[in-house]
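Me: I have a protein–DNA model here, and I want the reasoning behind its labels. Take me through it step by step.

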Amino acid sequence: MNYWLVKSEPGSYSWDEFVKDKTTDWTGVRNYGARNNLQAMKKGDLVFFYHSLEGLKIMGIGKVVKESFYDPTTENPAWVAVTLKAEKKLKNPVALKDLKADHRLKDMALIKNTRLSVQPVKPSEWEIIMQYAG
DNA sequence: GCCAACGTTGGC
DNA sequence: GCCAACGTTGGC
């Protein structure tokens with residue numbers, strides 16, 4: 001099983017909306033690096049749901065319930081989507097500044113490549129973040 | 001195939 | 001609101 005992180009601006013799609021929807025199709029990715037990560041997701045993989053721009057926190061965990069398929073929001077077959085299910089809310093959302101303060105996480109894409117909207121998370125990084133989440 | 005120009009993302 | 005980082009586009 002692999003771990004991932006996706007970003008969403010709460011102004012356009014928030015964790016609360018995700019919980020209300022129960023599942024959502026992760027469409028609209030238009031970046032090749034992020035697309036490659038979407039394609040690599042397998043059923044059962046877990047995904048941190050991060051609020052960018054406002055909040056700047058990891059809010060909860062989603063689960064991949066459908067592997068990549070052509071993104072129906074575009075005609076261009078280069079782009080794909082996956083279906084995510086809202087799995088678990090973090091007891092304590094983990095803020096970006098806490099991640100930045102932990103040198104063990106300094107290589108995370110969230111910190112090193114701030115613009116990548118779908119990114120892999122190492123198992124060791126996942127463990128550390130889960131400890132912060134309580 | 002290189003690189004300048006431009007657009008977008010996202011933290012501060 | 002600003003700006004750094006980075007991806008994409010297009011001229012040559």
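**From labels to reasons**

Reply: The model is predicted. By class, four nonpolar, two polar and three charged residues make up the surface near DNA strand B.

Me: Which residues surround DNA strand B?

Reply: They are Lys7, Tyr50, Ser52, Leu53, Leu56, Leu96, Lys100, Thr114 and Arg115.

Me: What makes a residue count as near the strand?

Reply: One of its heavy atoms must lie within 4 Å of the strand.

Me: How much of what the protein meets on DNA strand B is sugar and phosphate?

Reply: Sugar and phosphate supply 73% of the strand B atoms that come within 4 Å of the protein.

Me: Why is the pair between Lys7 and DNA strand B called a polar contact?

Reply: An N or O atom in the Lys7 side chain is 3.4 Å from a phosphate oxygen of DNA strand B. The cut-off is 3.5 Å for a pair of N or O atoms, so the pair qualifies.

Me: What are the distances for Tyr50 and Leu53?

Reply: A side-chain N or O atom of Tyr50 is 3.0 Å from a phosphate oxygen of DNA strand B. For Leu53, a polar backbone atom is 3.1 Å from a phosphate oxygen of that strand. Both pairs are therefore polar contacts, being within 3.5 Å.

Me: Now DNA strand C. What lies around it?

Reply: Asn31, Tyr32, Lys112, Asn113 and Arg115 do. By class, that surface has one nonpolar, two polar and two charged residues. Sugar or phosphate accounts for 60% of the strand C atoms within 4 Å of the protein, and bases for the rest.

Me: Why is His51 called buried?

Reply: Its relative accessibility is 8%. Buried means under 20%, so His51 is buried. His51 sits in strand 3, residues 46-51.

Me: What does His51 touch beyond its sequence neighbours?

Reply: Leaving out residues up to four places away in sequence, His51 touches Ser8, Pro10, Ser14, Trp15, Leu56, Lys57 and Met59.

Me: What makes the pair between His51 and Trp15 a polar contact?

Reply: A polar atom of the His51 side chain lies 3.0 Å from the backbone nitrogen of Trp15. That is within 3.5 Å, so the pair counts as a polar contact.

Me: Is Ser14 buried or exposed, and where does it lie?

Reply: Ser14 has 12% relative accessibility. The limit for buried is under 20%, so Ser14 is buried. Ser14 lies in the loop between strand 1 and helix 1 (15-21). Neighbours within four places in sequence aside, Ser14 is in contact with Phe49 and His51.

Me: How much space lies in the largest pocket, and which residues are closest to its centre?

Reply: The largest pocket holds about 310 Å³. Of its 17 lining residues, Lys7, Ser8, Glu9, Ser12 and Trp26 are the closest to the centre. Strand 1 (3-8) and strand 2 (23-26) are the elements that give two or more residues to the lining. Strand 2 gives the most, with three residues.

Me: What is the lining made of, by class?

Reply: Five nonpolar, eight polar and four charged residues.

Terms used: Residues numbered from 1 in each chain as written. Chains lettered and ligands numbered in written order. Predicted model: local features only at pLDDT ≥ 70, side-chain atom pairs only at ≥ 80, totals over all residues. Heavy atoms only, no water. Polar contact = N/O pair within 3.5 Å; in protein donor to acceptor, adjacent residues only side chain to side chain. Nonpolar A, V, L, I, M, F, W, Y, C, P; charged D, E, K, R; others polar. Helix = DSSP H or I, 4+ residues; strand = E, 2+ residues; numbered from the N terminus. Buried < 20%, exposed > 50% of the residue type's maximum accessible area, 1.4 Å probe, protein only. Contact = heavy atoms within 4.5 Å. 1 Å grid on protein atoms, 1.4 Å probe; cavity = no way out; pocket = protein on both sides within 12 Å on 5 of 7 lines; lining within 4 Å. Points joined across faces, edges and corners; volume = space filled by probe spheres on them.
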